[in-house]
Amino acid sequence: MKFEPKLYHLSNGVSVILDSMDLETVAIKIAFDTGSRDETPNEQGMTHFCEHMLFKGIPELPTNQDMKNYIENKGGTYNASTSSTRLSLYGRIIAENTNDLLKIFSESLRNALFDVNKIEIERSVILDESRRAHGSNPRKFDDLIDRNLFGFSAFRTLGSDENIKSFTRDQLINWLHKRLSAKNCVICISGRIDNADELLDVLEKLFNFLPTHDVETHKSLTYTACDKFQHESSVKNTWLSIFFPNIRLDTYENMRDNIAESKFHKYLSQELNEVVRQQNGLVYSIGMTKYGNEYDGAYCIDTETSPENIAKAVALIAQTAYRVYNKDKITAQILERFLNRHKLSDADFLESATHRCDVLVSNWIDYKKIYDFYQMQEYDKSISVDDVITASKGFFDGPMSIMTFGAQYGDIDLRKIWTDNFK
């Protein structure tokens, strides 16, 4: 299946990516480069609250059920999401009714009713969502990590209960008007596009209401190394994350080097799984995860084990990491195997309109570049053993952090265990 997306701009500056595919459906994503990271403490939760209200009624379809019935009758679905950096509307519909889903998105952004009674109903829903999030052990661990390493709460997208209870209709509408602009908006459509010119005309009519003011975005993060443990009696294992700060920025110019480094991460994950899981049976799973953001983030080795096994697990992780980094380095045969395995994910990408839409939007917002699938394939194929070794040089040199959560494991110095065994 071909991949030939094309970039356009509406008269007000909205970026549009049209990605034609041989399908009977289209996937649509409209994303704004703004999120909870752009909120002050008193505003935290406002973007998320607005997201909840976008599909709660428009003048022609005044209830959520009216809107849902309308789109389902047209063979479509829709939803929205908020993250620290994005406010997104997305959906999928049979291609002949593309304009109907676009109209729903347009009207929701321009004329969502923000009915005061529905705001109160949704306020209760969001408070319940917050209670569930604060009761989730994985979210608690994320919060421990984010607060201590990056200085923000993992719950900030939801906002505090005090904030959720205080937001008024005028505050929500004003926030939305302040954060939504043609300058921070991208619309991507992947799927059957019969006539690009006609579709662009439709987009021009539907989204020319977006203003063109500048929107300041994304307060920076700073990684601060530290070791923290949080006991949680309901968790029987000890969850473990060992962090190392980014070697380089995730910029477009660093793309090839970061792809090369990712192969080191994959190789290290493979060897950790073999030693810690397969040979010693200490964990169910182990691998690499990224936290933070592209500029001030960190990679970590993630796993969990019983408290009585935590010392042995950390020792084996350190020994394996040292061996992979300094002695048994990645080989050409391993790179070839990774390349062959990656062909499946390449096929998954090419065959999924939703996946293509997501990647195209993220790549445009992050780099202001159209994602070049074939260039990424060439990078992947061209990376050598020396490239991986060079790109991963210094991975373990930055200030390390160790975070644990769950079952107590006694008076054990995990950092000392790492230091004693990373050799």
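This briefing walks through helix packing, aromatic pairs, backbone angles and a few residue neighbourhoods. Keep in mind that the model is predicted. A search of the whole structure turns up 30 aromatic pairs, and the three helix contacts below bring together helix 2 with helix 3, helix 9 with helix 11, and helix 10 with helix 15.

**Helix 2 against helix 3**

- Helix 2 covers residues 64-73 and helix 3 covers residues 98-111; their axes come within 10 Å and cross at roughly 160°.
- An angle over 145 degrees counts as roughly antiparallel, so that is the label for helix 2 and helix 3.
- As for handedness, helix 2 and helix 3 make a left-handed crossing.
- On the helix 2 side, the contact uses Met-67, Tyr-70 and Ile-71, and these meet Asp-100, Leu-101, Ile-104 and Ser-108 from helix 3.
- Sorted by class, the contact of helix 2 with helix 3 has five nonpolar residues, one polar and one charged.

**Helix 9 against helix 11**

- Here the axes of helix 9 (residues 255-279) and helix 11 (residues 332-351) sit 11 Å apart, at an angle of about 100°.
- That falls in the 65 to 115 range, so helix 9 and helix 11 are roughly perpendicular to each other.
- Helix 9 brings Lys-263, Lys-266, Tyr-267 and Gln-270 to the contact, while helix 11 brings Ile-334, Leu-335, Arg-337 and Phe-338.
- The contact of helix 9 with helix 11 splits into four nonpolar, one polar and three charged residues.

**Helix 10 against helix 15**

- Helix 10 (residues 310-326) packs on helix 15 (residues 414-421) with the axes 8 Å apart and an angle of about 35°.
- The crossing of helix 10 and helix 15 is right-handed.
- From helix 10, the residues involved are Ile-310, Ala-311, Val-314, Ala-315, Ile-317, Ala-318, Gln-319 and Ala-321; they meet Leu-414, Ile-417, Trp-418 and Asn-421 of helix 15.
- The tally for the contact of helix 10 with helix 15 is ten nonpolar and two polar residues, with no charged ones.

**Aromatic pairs**

- Among the 30 aromatic pairs in the structure, take Phe-141 with Trp-239: the ring centres are 6.1 Å apart and the planes are at 55°, so the pair counts as tilted.
- Phe-141 belongs to helix 5 (residues 137-150) and Trp-239 to strand 8 (residues 238-245), so this pair ties together parts that are 98 residues apart in sequence.
- Both partners fall under the 20% cut-off for buried: Phe-141 has a relative accessible area of 6%, and Trp-239 comes in at 15%.
- Elsewhere, ring pairs link Phe-244, Phe-264, Tyr-322, Tyr-325, Phe-395, Phe-396, Trp-418 and Phe-422 into a cluster.
- Trp-418 is listed in that cluster and also in the contact between helix 10 and helix 15.

**Positive phi angles**

- Most residues other than glycine have a negative phi.
- Phe-114 goes the other way, with a positive phi near 50°.
- You'll find Phe-114 in the loop between helix 3 and helix 4 (116-134), and its relative accessible area of 4% makes Phe-114 buried.
- Lys-368 also has a positive phi, near 55°.
- Lys-368 is in the loop between helix 12 (353-367) and helix 13 (373-382), and at 45% relative accessibility Lys-368 counts as partly exposed.

**Two residues and their neighbours**

- Ser-88 lies in strand 5 (residues 87-94) and is buried, at 4% relative accessibility.
- Leaving aside residues up to four places away in sequence, Ser-88 touches Lys-29, Ile-30, Ala-31, Asn-79, Ala-80 and Ser-81.
- Ile-30 is 58 residues from Ser-88 in sequence, yet their C-alpha atoms are 5.6 Å apart in space.
- Arg-277 is in helix 9 and is partly exposed, with a relative accessible area of 28%.
- Again leaving out residues up to four places away in sequence, Arg-277 touches Leu-272, Leu-282, Val-283 and Tyr-284.
- Between Arg-277 and Ala-313, 36 residues apart along the chain, the C-alpha separation is 9.5 Å.

Methods:
Residues numbered from 1 in each chain as written. Predicted model: local features only at pLDDT ≥ 70, side-chain atom pairs only at ≥ 80, totals over all residues. Heavy atoms only, no water. Axes fitted to C-alpha atoms, helices over the stretch in contact; angles between N-to-C directions. Helix = DSSP H or I, 4+ residues; strand = E, 2+ residues; numbered from the N terminus. Parallel < 35°, antiparallel > 145°, perpendicular 65-115°, else oblique. Left-handed = near helix turned anticlockwise from the far one by under 90°. Contact = heavy atoms within 4.5 Å. Nonpolar A, V, L, I, M, F, W, Y, C, P; charged D, E, K, R; others polar. Phe/Tyr/Trp six-rings, centres within 6.5 Å; stacked < 30°, edge-to-face > 60°. Buried < 20%, exposed > 50% of the residue type's maximum accessible area, 1.4 Å probe, protein only.
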